[in-house]
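Here is a short briefing on charged pairs and one helix, meant to be read with the model open beside you. Take a look at the structure first, and then we will walk through it together.

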Amino acid sequence: MRPLMTLALLAFAVGALGQKTMSGMVPPRSKEAWQKDYTAAAKLLQDKQFDKLLKFFAPNFTEVEGGKTSNLAQFKADLVGSLKDVKNLKVAFKVLSVVNRPNEVVVTNSGVISCVAGLDPKKKPVKLVEKGTYTDTWRNVGGSWKMVRMVGNPTLTADGKPVRMQKPPRSSALRSAG
């Protein structure tokens with residue numbers, strides 16, 4: 001194998017696993033690499049594979065959304081509770097920017113989550129759409145990337161009309177995989 005190919009494969013393996021270099025620093029990951037992970041997270045969410053999705057969250061994870069802070073247990077309960085019975089769930093995340101810091105990465109992303117949930121007073125299905133921009137902080141924990149914080153202020157519409165949320169749904173949690 002040629003030396004450049006060996007170095008390229010080593011760099012890929014180190015980046016994908018989040019391993020530290022000899023200097024003790026975690027190598028930076030590209031926007032494209034994070035987009036691949038966020039696309040995988042969207043698929044997990046869309047398929048309602050909540051446990052697999054939540055493996056990418058650190059135990060000390062916090063979410064700040066709509067001015068309210070939730071821990072991992074609250075986030076999971078809200079996520080599962082708000083999405084388990086919806087139909088036609090569609091999820092898409094787009095990574096807007098990535099800021100690599102020593103052993104920490106801040107990913108700004110936009111997300112759109114849509115579904116059909118419940119019936120309106122005329123017994124017609126209601127289409128819900130949540131849109132937002134989020135700032136996610138990831139840390140290297142034990143050799144893999146874990147989300148430690150998510151901050152966002154999404155909007156929600158029901159059949160195209162704005163809905164004022166007392167506490168936003170947790171579908172925003174869906175933008176995370178590792």
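Which residue forms a salt bridge with Asp51? The partner is Lys76, and the closest N and O atoms of the two are 3.3 Å apart. Please keep in mind that this is a predicted model. The count of salt bridges comes to five, and a few of them are described below.

**A pair between two helices**

- Asp51 sits in helix 3 (residues 50–54) and Lys76 in helix 4 (residues 72–83), so their salt bridge ties together parts that are 25 residues apart in sequence.
- Asp51 counts as exposed, at 51% relative accessibility.
- Lys76, in contrast, is partly exposed, with a value of 36%.

**A pair between Lys43 and Asp47**

- Lys43 and Asp47 form another salt bridge, with 2.8 Å between the closest N and O atoms.
- Both partners are partly exposed: Asp47 has a relative accessibility of 35%, and Lys43 has 47%.

**A network that links two strands**

- Glu104 and Arg139 meet through their side chains in a salt bridge, at 2.8 Å from N to O.
- This pair links distant parts of the chain, since Glu104 belongs to strand 4 (residues 104–119) and Arg139 to strand 5 (residues 125–141), 35 residues apart.
- Arg101 joins in as well: salt bridges with shared partners connect Arg101, Glu104 and Arg139 into one network.
- Glu104 is buried, at 14% relative accessible area, while Arg139 is partly exposed, at 36%.

**Helix 4, from its start to its buried face**

- At the start of helix 4, a side-chain oxygen of Asn71 comes to within 3.1 Å of the backbone nitrogen of Ala73.
- Helix 4 has 12 residues, which should span 16 Å at 1.5 Å a residue, and the 16 Å between its end C-alpha atoms agrees with that.
- Which residues of helix 4 are buried? They are Phe75, Leu79 and Leu83.
- Viewed down the axis of helix 4, these buried residues fall within an arc of 30°, so they line one face of the helix.
- As general background, an α-helix has 3.6 residues a turn, so residues three or four places apart point the same way.
- The cover over the buried residues of helix 4 includes helix 2 (31–46) and helix 3. Strands also contribute to this cover, among them strand 1 (57–65), strand 2 (68–71), strand 3 (87–101) and strand 6 (144–152).

Terms used:
Residues are numbered from 1 along each chain as its sequence is written. This is a predicted model: local features need pLDDT of at least 70, side-chain atom pairs count only at pLDDT 80 or more; totals for chains, interfaces and linings use all residues. Side-chain values use heavy atoms; hydrogens and water are left out. A salt bridge is a side-chain nitrogen of Lys or Arg within 4 Å of a carboxyl oxygen of Asp or Glu. Buried means under 20% relative accessible area, exposed over 50%, partly exposed in between (1.4 Å probe, protein chains only). Helices (H or I, at least four residues) and strands (E, at least two) are DSSP runs, numbered from the N terminus. The expected span of a helix is 1.5 Å times one less than its number of residues. The arc is that of the directions from the helix axis to the C-beta atoms. Contact means heavy atoms within 4.5 Å. A polar contact is a pair of N or O atoms within 3.5 Å; within protein, one must be able to donate a hydrogen and the other to accept it, and residues adjacent in sequence count only if both atoms are side-chain atoms.
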